[in-house]
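Student: Could you take me on a close look at the nonpolar core of this one? I'd like one connected walk through it.

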Amino acid sequence: GMRRKIVLWEICNFVAFFYCIFASVNRQTEYGVFLLPLAYSILFAVCYRSRRLIGKTPGATVIMGVMFCRYVVLPVVLCSSGELSKYANDYRYMVQAVIIMLYEMFAIFMALEMTATKAWYIYTRQYDQGRKNVIVRPPFLVVLVIFCVLVGIYLTNQNILNGNIFLVNDVANEVDESIQDVSSLVKIVWQCITAWFFVYGINRQKDKYAVDKKRRHVGIAIIYMLLYVIITYIGQARISRWYTLVSAITAIFVLISLFPCEKKMIAMTTIIPVVALILMASALKTGLGIQRGTGSLYSLFSKLITPTSGDAYFAGPVSVNNAIGLSKTNGVGLHNIIYDIFNNMPIINHLVDTNNSTVYLYNAHLGRIFYGSRGDQIIPLVGQSGIFFSWVLAPLLSCFSVFLIRATDKKYVETTSYMKYIWGFVAVWFGLETILNMTINLSWLYIRILPMFATFWFIEKISPKQIEE
């Protein structure tokens, strides 16, 4: 079972390390990138407590996956191509960047390991003692009202499920999708309600399954989930991929928690379609869908994750090199944190000069501000932390994100009502923070998580509850 998977994972890590070392022997320009998979392999092997919750709690699973992408997949891409991301003024600080990434990796693993025993205890306590679940039963009238709002929004804003799902952008890296779009109120309400309806639907199926144990109910719940992911993807013109990914991972976790006996079937029928959708979305974004004869899946994949896009997606060494470069310019420091905190806060962000935020300054430093855009490059979290708190404390924000993951995973495990989805969503979002940054993270907190939290919380408040028999 899990043990065999972990051994395979570990073999992958070491194979990647040896590949990187052999690939870079002939080249003098690797800056020690091969040290990343080496250190990761060792830490992954040593920190066995941290691995236990993989596949069991959303936040811990996501940060483990993110680290694999950053410290194994990305170095393999960089070493096999021998190229570095083209978004850089220079590569002066590459050695320091690799050292800082190693330092951050070590700190993340230590933070995970120190908090792992307690997290595991919380998890096993919840599931071993067979705690009585509190079941929430939203009154029919409430469901009807919410449904009418949903239909009303759709009828008045038919472009919400817009057709430009196949819109191709020629921007090499569409990552500002998650920064820019502070959605309109209608979109926010639409998101909250579709999420709530999805959770309502699968819980209804779970109640039926509890009575007659028919697998049909699991099948219907899976169909709901796939529909929900597609609707989420289509309803998100610009920020589709990140939001779809976070929603999908959370939905899969919640589904498995409702039907623990059907874990294998759920994983097999949901993970592959979601991965396919995200890959398709990425291929469309980069305009690969149009060119005929892309050949094999491998060639498609190698076009999707290039040294440039890979470095941007996974906060690679060139991105960190750029952040070090920015920190050497005059006048950036702790005072910039205020602008990053308010950068995307609705209303307030019009009152502060967001050109002083590190997300803006980073793009200005790279010369990526044009046509009135705010830039498309993402300053890595470790870079922000280095700028705010000095490079000695570079992993500070990353470690803080680990504590946030543990806190939200705990709430996810302990919550049995519909709010479980919200806690799962937040945990996944914090799990991605190390490859995004504090500013993007906060922006979602304001415009996505808080409204969704309020919606679920309010409906739960007005719904009768009962203890499961």
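Tutor: Here is the core, set against the rest of the chain.

This is a predicted model, so to speak of local features takes a pLDDT of at least 70 and side-chain atom pairs count only at 80 or more, while totals for chains, interfaces and linings use all residues. Numbering runs from 1 along each chain as its sequence is written, and side-chain values use heavy atoms, with hydrogens and water left out.

The chain has 20 helices and 2 strands, taken as DSSP runs numbered from the N terminus (helices: H or I, at least four residues; strands: E, at least two). Of its 469 residues, 54% count as buried, meaning under 20% relative accessible area with a 1.4 Å probe, protein chains only.

Now the core itself. The largest one has 133 residues; a nonpolar core is a set of buried Ala, Val, Leu, Ile, Met, Phe, Trp, Tyr and Cys residues joined through side-chain atoms within 4.5 Å. Among those with the most contacts inside it are Tyr-40, Phe-109, Trp-196, Tyr-421 and Met-452. Helix H5, residues 94–128, gives the most to this core, with 13 residues.

Zoom in on Met-452: leaving aside residues up to four places away in sequence, Met-452 touches Cys-192, Ala-195, Tyr-243, Tyr-421, Ile-422 and Phe-425, where a contact means heavy atoms within 4.5 Å.

As for confidence, pLDDT (the predictor's confidence in each residue, from 0 to 100) averages 86 over the chain, and 87% of the residues score at least 70. Residues 163–182 stay under 50, and the model has 52 contacts for them beyond four places in sequence.

Terms used
Buried < 20%, exposed > 50% of the residue type's maximum accessible area, 1.4 Å probe, protein only.
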